[in-house]
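Let's take a walk through a protein chain together. Keep the picture open and follow along as we go.

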Amino acid sequence: MSLIHALVARDTTILAEHQGGQRDFSQATQTILSKIPPNNSKLTYVWEQYLFHYISEGGFTYLVMADDSAGRRMPFTFLADLQQKFTSFSAASSSSLAAPLAYALQGTFGPTIAQLMNTYNTAPPTDELARAQSELAQVKDIMVQNVEQILSRGERIELLVDKTDNMASQATAFRRGARTVRRSMWWKNTRILGLSAVVALVLIWVLVAQFCGAGLNQCGAKP
């Protein structure tokens, strides 16, 4: 599956979305939405093997999360198509989108996002891709940034808590293993030192016994 998660938002308020996979990326999308500047822009954020592409125009943000194998041409073609469908939908709709509630259009426009994602995941229109390739070749404002770079000082990236938990578990296991190794090395060194002391005492006894006898009682005897 190339396209995984797509949404339409007004500022940071998600109006409708569709998630194709089982993994929940809502925290990731909310983080990125909060960092999108208010001016019109096109951008790609990189996180692990995933790319978050978006088009922001006229106060609305069209965002899609995709595998890195999908590249950028197809996802941005999808976003342009999504933007066109949403513009037509909002023009025909009687609902006000000036200050909408979260997921206000989930029931009416959510199925459109799902259908469009399915189309582009199974058989993307070739004519649209060709047109998008020509347009993207002239666009210079589509940059790629790492998600870490959009966070201001003092903030922490918390896109997926399970990744942090895994790192913490690995660190705990490493510390536990290090303590076990240190304890094992201490006992090994202690045994070596003890054995060395015994060997030294035996050697001293052998040397002294050559002059004083095995019982060490001849050294003090008078001639």
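Start with helix α2, where the buried residues are M74, P75, F76, T77, F78, L79, D81, L82, Q83 and F86. One thing to keep in mind as you look around: this is a predicted model. The helix covers residues 73–92. You can check its length yourself: with 1.5 Å for each residue, the 20 residues of α2 should span 28 Å, and the C-alpha atoms at its ends are 29 Å apart, so the two values agree.

Now pick out one residue from that list. Is Q83 buried or exposed? Its relative accessible area is 16%, and anything under 20% counts as buried, so Q83 is buried. What does the side chain of Q83 make a polar contact with? Its partner is the side chain of E57, at 3.2 Å. If you skip the neighbours within four places in sequence, Q83 is in contact with I55, E57 and Y62. Two of the strands to look for here are β4, residues 50–57, and β5, residues 60–67.

Time to zoom out. The chain has five helices and six strands. Reading along the sequence, you meet them in the order β-β-α-β-β-β-α-α-α-β-α. The chain is 223 residues long, and 31% of them count as buried. How much of the contact in this chain links residues that sit 24 or more positions apart? Among contacts with a separation of 6 or more, such pairs account for 59%.

Next, find helix α1, residues 26–35. Its buried residues are A28, T29, T31, I32 and L33. What do they pack against? The answer is a set of strands: β1, β2, β3, β4 and β5.

Follow the chain onward from α1 and you reach N40, in the loop between α1 and β3. Not counting residues up to four places away in sequence, N40 touches S56, E57 and G58. So we meet E57 again, the residue whose side chain makes a polar contact with Q83. A polar atom in the side chain of N40 lies 3.1 Å from the backbone nitrogen of G58. Look at G59 too: the C-alpha atoms of N40 and G59 are 7.9 Å apart, although 19 residues separate them along the chain.

G58 has another visitor. The side chain of R10 reaches the backbone oxygen of G58 at 3.4 Å. R10 itself belongs to strand β1, residues 3–10. Here's a curious detail: R10 is buried but has no salt bridge. Which side chain of opposite charge is nearest to R10? That would be D11, at 4.5 Å. A salt bridge needs the two charged groups within 4 Å, so this pair doesn't qualify.

D11 deserves a look of its own. It sits in the loop between β1 and β2. Its relative accessibility is 52%, so D11 counts as exposed, whereas R10 is buried. D11 also has a positive phi of about 60 degrees, even though it is not a glycine.

Now for the loop between α2 and α3, where you'll find P100. With a relative accessible area of 14%, P100 is buried. Which residues does P100 touch, leaving out those up to four places away in sequence? They are R10, T13 and L15. The C-alpha atoms of P100 and R10 are separated by 7.7 Å, with their positions 90 residues apart along the chain. Y103 lies in that loop between α2 and α3 as well. Y103 has a relative accessible area of 37%, which makes it partly exposed. Like D11, Y103 has a positive phi of about 60 degrees without being a glycine.

Finish with helix α3, residues 106–122. Its 17 residues should span 24 Å at 1.5 Å a residue, and the end C-alpha atoms are 23 Å apart, which agrees. The buried residues in α3 are F109, G110, I113, L116, M117 and Y120. Around the helix axis they cover an arc of only 130 degrees, so they lie on the same side of α3. What about the other side of α3? There, G107, Q115 and T122 are exposed.

Note on methods: Residues are numbered from 1 along each chain as its sequence is written. This is a predicted model: local features need pLDDT of at least 70, side-chain atom pairs count only at pLDDT 80 or more; totals for chains, interfaces and linings use all residues. Side-chain values use heavy atoms; hydrogens and water are left out. Helices (H or I, at least four residues) and strands (E, at least two) are DSSP runs, numbered from the N terminus. The expected span of a helix is 1.5 Å times one less than its number of residues. Buried means under 20% relative accessible area, exposed over 50%, partly exposed in between (1.4 Å probe, protein chains only). The arc is that of the directions from the helix axis to the C-beta atoms. Lys and Arg count as positive and Asp and Glu as negative; His and the chain ends are not counted. A polar contact is a pair of N or O atoms within 3.5 Å; within protein, one must be able to donate a hydrogen and the other to accept it, and residues adjacent in sequence count only if both atoms are side-chain atoms. Contact means heavy atoms within 4.5 Å.
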